Amino acid sequence: MTQKLLAGTQAPDFALLNADGHKVSLSDYRGRNVIVYFYPAAATPGCTTEACDFRDNLASLQSSGYEVLGISPDAPEKLAAFTGDFALTFPLLSDQDHAVALAYGAWGEKLVNGEVVDGLVRSTVVLDAEGKVTLTQYQIQAQGHVAALKAELGL
């Protein structure tokens, strides 16, 4: 089982390719609060629900001082198609070797169709402007996640 991040700890920095193949680093977001959410696979029903929920709430999240980054094991080309198909307006990042998911505690055992498998665990980590963890959520449900997250953040 991977180690989950704890509130108050410094989040591991990362640099991943976005849907356009450009490198995006967590350090690019220093000075801003960031919601980093991990999802298993682009264009699957739950992941589409969650991504569209973030898209639909992006303006209110940003006006409250939060940026959103989505991370999955998908290749940049798949992320580009997902972004285009659903008019997603925030960066999706490719973690093909799942090193970032591991570092954030978002990779491990999960139940899929009654079978225990290793994979990406739907998770969200909220960081403050200095890159410190303020909130972690693991094993979350896609449906209603953004509303629950906003409530927990007091937004």
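**Close-up views of a predicted model**

**View 1. The largest pocket of the predicted model and the residues that line it.** The largest pocket of this predicted model has a volume of about 260 Å³. Its lining is made up of P40, K110, L111, V112, N113, L120, V121, R122, Q139, I140, Q141 and A142. Sorted by class, these lining residues comprise seven nonpolar, three polar and two charged residues. Strand β6, which runs over residues 107-112, gives the most to the lining, with three residues.

**View 2. The whole protein chain, shown as context for the close-ups that follow.** The protein chain contains four helices and nine strands, and, when these elements are read along the sequence, they follow the pattern β-β-β-α-β-α-β-α-β-β-β-β-α. The C-alpha trace spans about 40 × 35 × 30 Å along its principal axes. The radius of gyration of the protein chain is 14 Å, which agrees with the value near 15 Å that a compact globule of 155 residues would have. Of the 155 residues, 48% count as buried, while the accessible surface comes to about 7200 Å², with 51% of that area belonging to carbon and sulfur atoms. Among contacts between residues at least 6 apart in sequence, 62% join residues that are at least 24 apart.

**View 3. E50 in helix α1 and the residues that it touches.** E50 is placed in helix α1, which covers residues 45-63. With a relative accessibility of 0%, E50 counts as buried, because the cut-off for that class is under 20%. Leaving aside residues up to four places away in sequence, E50 touches Y37, Y39, R122, I140, A142, H145 and V146. Among these contacts of E50 are R122, I140 and A142, and R122, I140 and A142 also belong to the lining of the largest pocket. F14, by contrast, is 36 residues from E50 in sequence, and the two C-alpha atoms are 22 Å apart in space.

**View 4. S63 in helix α1, an exposed residue.** S63 lies in helix α1, the helix of residues 45-63 that also holds E50. The relative accessible area of S63 is 65%, and S63 is therefore exposed, the cut-off for that class being over 50%. Between the C-alpha atoms of S63 and G84, which are 21 residues apart along the chain, the separation is 24 Å.

**View 5. K78 in helix α2, with its contacts to A41 and A42.** K78 lies in helix α2, which covers residues 76-85. At 38% relative accessibility K78 counts as partly exposed, because this value falls between the cut-offs of 20% and 50%. When residues up to four places away in sequence are not counted, K78 touches A41 and A42. The C-alpha atoms of K78 and S64 are 30 Å apart in space, although only 14 residues separate K78 and S64 in sequence.

**View 6. Two loop alanines, A43 and A87, with positive phi values.** A43 is found in the loop between strand β3, residues 33-38, and helix α1, and its phi is near 70 degrees, a positive value in a residue other than glycine. A87 is placed in the loop between helix α2, residues 76-85, and strand β5, residues 92-94. The phi of A87 is near 50 degrees, which is likewise a positive value in a residue other than glycine.

Methods: Residues numbered from 1 in each chain as written. Predicted model: local features only at pLDDT ≥ 70, side-chain atom pairs only at ≥ 80, totals over all residues. Heavy atoms only, no water. 1 Å grid on protein atoms, 1.4 Å probe; cavity = no way out; pocket = protein on both sides within 12 Å on 5 of 7 lines; lining within 4 Å. Points joined across faces, edges and corners; volume = space filled by probe spheres on them. Helix = DSSP H or I, 4+ residues; strand = E, 2+ residues; numbered from the N terminus. Nonpolar A, V, L, I, M, F, W, Y, C, P; charged D, E, K, R; others polar. Rg over C-alpha atoms; globule rule 2.2 N^0.38 Å. Buried < 20%, exposed > 50% of the residue type's maximum accessible area, 1.4 Å probe, protein only. Contact = heavy atoms within 4.5 Å. Areas by Shrake-Rupley, 256 points an atom, 1.4 Å probe, with all protein chains shown as cover.
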